[in-house]
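Got the viewer open and a hand on the mouse? Let's take a walk through this one, stop by stop.

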Amino acid sequence: MEFKMCSLPASGKSIISNANTTVQSDIIVPDTKPDIFKVLAVKSVVDLADSHIKKDKINFSGKIRHNILYVGEENPTNICTIEYSTPFGCVCEKNGITEDTAIKYGCGVTKSLCEVVNSRKISVEANVEIQINAIDISKTEVISGEEIPESLAYKSCEYSYDTLRASNRLEFVVSDTVDIGAGEGFEIYDIQAYNEVSEIKAVNNKAVIKGIVNVFILYNDDGKISGYSTEIPYTEIVDIENLASDQTLISHFEISSVDYELPNDDDTVQMTVSIVIRGNIWGYAEESNTIATDIYSPDYAYDIRLNKCILSKVSDVKETRISVKDTLVSTNPSSPISKVYCAWSDITKMESHISDGVVKIEGTMESTAIYCDEYDNLHSAKGVTPFETEIEFSFADKSCQALADASVISSGFVMTSTSDIQIRTVIKLSSAIVSDAETQTITSFSLDEKSSVKKDEQPSILVYYPDDSKTLWDIAKKYNTTCEEIIDVNSLDKDNPIIPGVPVLIPKRYVK
């Protein structure tokens with residue numbers, strides 16, 4: 001017997017998980033650098049290079065880049081830097097992950113602890129966290145609820161759901177030439193970069209990505225510590241197979257590295273800054289199918305194979321921006337702040353909750369500032385500030401999932417007093433609501449037309465007293481009849497056919 005088939009996601013439900021690992025590094029001061037007097041800050045960036053999927057497991061590998069800013073014993077008014085990278089590996093073990101799983105992930109260093117072992121050695125312990133969203137992209141063929149022969153009793157339902165049609169883990173480079181007037185002894189201490197994606201547009205298997213990278217350069221110009229800020233706008237076009245303009249897009253981007261190149265000209269530093277941006281883009285297309293959820297034959301023996309399927313739909317995607325302020329206090333109250341050189345912020349924790357149509361996103365932000373006192377001695381101050389916001393959706397409850405994302409898009413500072421530094425950070429937050437519908441599907445159905453249903457040698461009519469646990473469909477299937485036959489024999493209302501406790505007559509085709 002031939003049936004019309006349709007293709008469904010094997011398991012639409014997303015798997016959301018985290019993986020953590022701690023990487024400890026012993027860093028030796030290069031011979032060209034002075035002895036350590038005091039560490040000002042450690043800036044750590046994760047460069048996630050590769051992922052390998054196995055059953056119930058994802059193996060990640062990459063490296064952590066540390067940029068250590070410290071004060072040397074020879075000159076407490078000057079910043080020294082050490083750049084160091086170390087490889088790491090991380091494993092996420094989660095039931096349900098297979099080789100047919102597409103993954104979207106973001107990563108970052110949630111905590112860095114630095115210990116000065118001696119004047120020539122630093123020990124850095126970094127905690128790396130990877131946020132994972134995985135979805136099964138395999139397909140399964142099920143019987144459609146269309147064109148089923150009238151000789152069979154069946155029920156079906158029309159479902160609207162989203163299929164992951166396009167996905168890509170991408171990388172591109174944003175670069176620009178920056179002119180900085182400089183004298184002898186020019187040296188780059190640190191470069192901070194924040195990425196803000198303003199628009200993603202899907203056109204004919206391509207994604208057009210527009211955004212701005214905010215850059216701040218901390219440098220030494222002829223013995224004087226200085227800073228320079230600029231914005232680098234960009235438009236990037238990347239190939240993504242099967243991406244279309246009518247799809248719902250979910251994305252995540254992060255800066256994986258910042259590099260620079262200096263010319264040999266001593267009069268003007270026309271340096272080239274290159275920012276490597278990595279990210280994910282997922283494109284979901286809406287589909288609709290009438291799916292057979294149950295079939296039986298009232299006349300012949302049959303064999304049926306059932307399968308539970310979860311159909312997911314991206315109900316909505318929204319984003320917002322919040323401004324977070326943090327006041328950092330001087331670490332040496334007896335020595336007032338004279339000048340602030342730079343400050344930056346990183347998100348160290350983020351989680352989301354759904355309740356009553358609202359997605360609540362909360363987390364913590366760590367801020368760091370480098371400043372000097374009235375004697376030009378260098379210091380640093382740190383602080384951790386919580387943040388939270390709520391994004392309202394027309395449909396969101398605890399049965400849904402919220403795929404939330406947060407990133408710093410700009411950070412500035414102002415010296416509010418001789419003991420306080422106020423950090424002002426703008427955070428971009430977004431959330432996608434995914435709703436799930438679980439349904440029973442039929443992968444195969446066959447009849448044995450040589451084995452007819454035998455009529456029982458019982459009276460031609462059976463009296464049945466229904467209760468709350470049984471539907472008309474359940475009763476008809478149990479006694480090898482049809483819903484229509486029960487309705488006709490009892491002259492029932494099609495909209496409200498059975499009432500618990502009120503007896504109904506079952507036509508003669510009863511088989512135990």
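One term before we set off: a polar contact is a pair of N or O atoms within 3.5 Å, and within protein one of them must be able to donate a hydrogen and the other to accept it. Keep in mind, too, that you are looking at a predicted model.

**Stop 1: a polar contact at Thr101**

Select Thr101, which sits in strand 6, residues 101-118. Now add Thr98 and look at its backbone nitrogen: a polar atom of the Thr101 side chain lies 2.9 Å from that nitrogen. Is Thr101 buried or exposed? Thr101 is buried, because its relative accessible area is 8%, and the cut-off for buried is under 20%. Show its surroundings as well: setting aside neighbours within four places in sequence, Thr101 is in contact with Ile53, Gly96, Ala134, Ile135 and Asp136.

**Stop 2: the whole thing**

Zoom out until everything fits. Along the principal axes, the C-alpha atoms fill a box of roughly 105 × 45 × 40 Å. The radius of gyration is 32 Å, whereas a compact globule of 512 residues would have one near 24 Å. Colour by secondary structure and you should find two helices and 22 strands.

Switch on the surface next. The accessible surface comes to about 25200 Å², and carbon and sulfur atoms account for 43% of that. Of the 512 residues, 47% are buried. Contacts reach along the chain, too: among those between residues at least 6 apart in sequence, 78% join residues at least 24 apart.

**Stop 3: a hairpin**

Select residues 358-373 and 378-392, which are strand 17 and strand 18. The two run antiparallel and are joined by 15 bridges. To see one pairing, pick Glu366: its bridge partner in strand 18 is Val384.

Follow the chain around the turn. Four residues lie between the two strands of this hairpin. One of the residues in the turn is Asp376, with a positive phi of about 70 degrees. Why stop for that? Most residues other than glycine have a negative phi. Asp376 counts as partly exposed, because its relative accessible area is 43%.

Stay on strand 18 and select Thr389. Which residues does Thr389 touch, not counting those up to four places away in sequence? They are Thr320, Ile322, Val359, Lys360, Ile361 and Leu429. At 14% relative accessibility, Thr389 is buried.

**Stop 4: a proline in a strand**

Go to Pro233, in strand 12, residues 224-239. With a relative accessible area of 62%, Pro233 is exposed. Leaving out residues up to four places away in sequence, Pro233 touches Gly211 and Ile212. For a distance to try in the viewer, take Asn195: 38 residues separate Asn195 and Pro233 along the chain, and their C-alpha atoms are 9.8 Å apart.

**Stop 5: the cysteines**

How many disulfides does a search of the whole structure find? The count is zero. Try Cys114 to see one case: the closest cysteine sulfur belongs to Cys80 and is 14 Å away, so the two are too far apart for a bond. Cys114 is partly exposed, at 33% relative accessibility. Then move to Cys309, which is in no disulfide either, its nearest cysteine sulfur being that of Cys6, 9.5 Å away. Cys309 is buried, with a relative accessible area of 0%.

**Stop 6: around the helices**

Finish with residues 472-478 and 483-490, which are helix 1 and helix 2, and find Tyr479 in the loop between them. Tyr479 is buried, at 7% relative accessibility. Now draw a line from Tyr479 to His252: C-alpha to C-alpha they are 55 Å apart, and 227 residues apart in sequence.

Last of all, select Ser491, in the loop between helix 2 and strand 22, residues 504-506. What is the phi of Ser491 near? Its phi is near 50 degrees, a positive value in a residue other than glycine. Ser491 is exposed, with a relative accessible area of 66%.

Methods: Residues numbered from 1 in each chain as written. Predicted model: local features only at pLDDT ≥ 70, side-chain atom pairs only at ≥ 80, totals over all residues. Heavy atoms only, no water. Pairing = 2+ DSSP bridges. Disulfide = S-S within 2.5 Å. Buried < 20%, exposed > 50% of the residue type's maximum accessible area, 1.4 Å probe, protein only. Contact = heavy atoms within 4.5 Å. Rg over C-alpha atoms; globule rule 2.2 N^0.38 Å. Areas by Shrake-Rupley, 256 points an atom, 1.4 Å probe, with all protein chains shown as cover.
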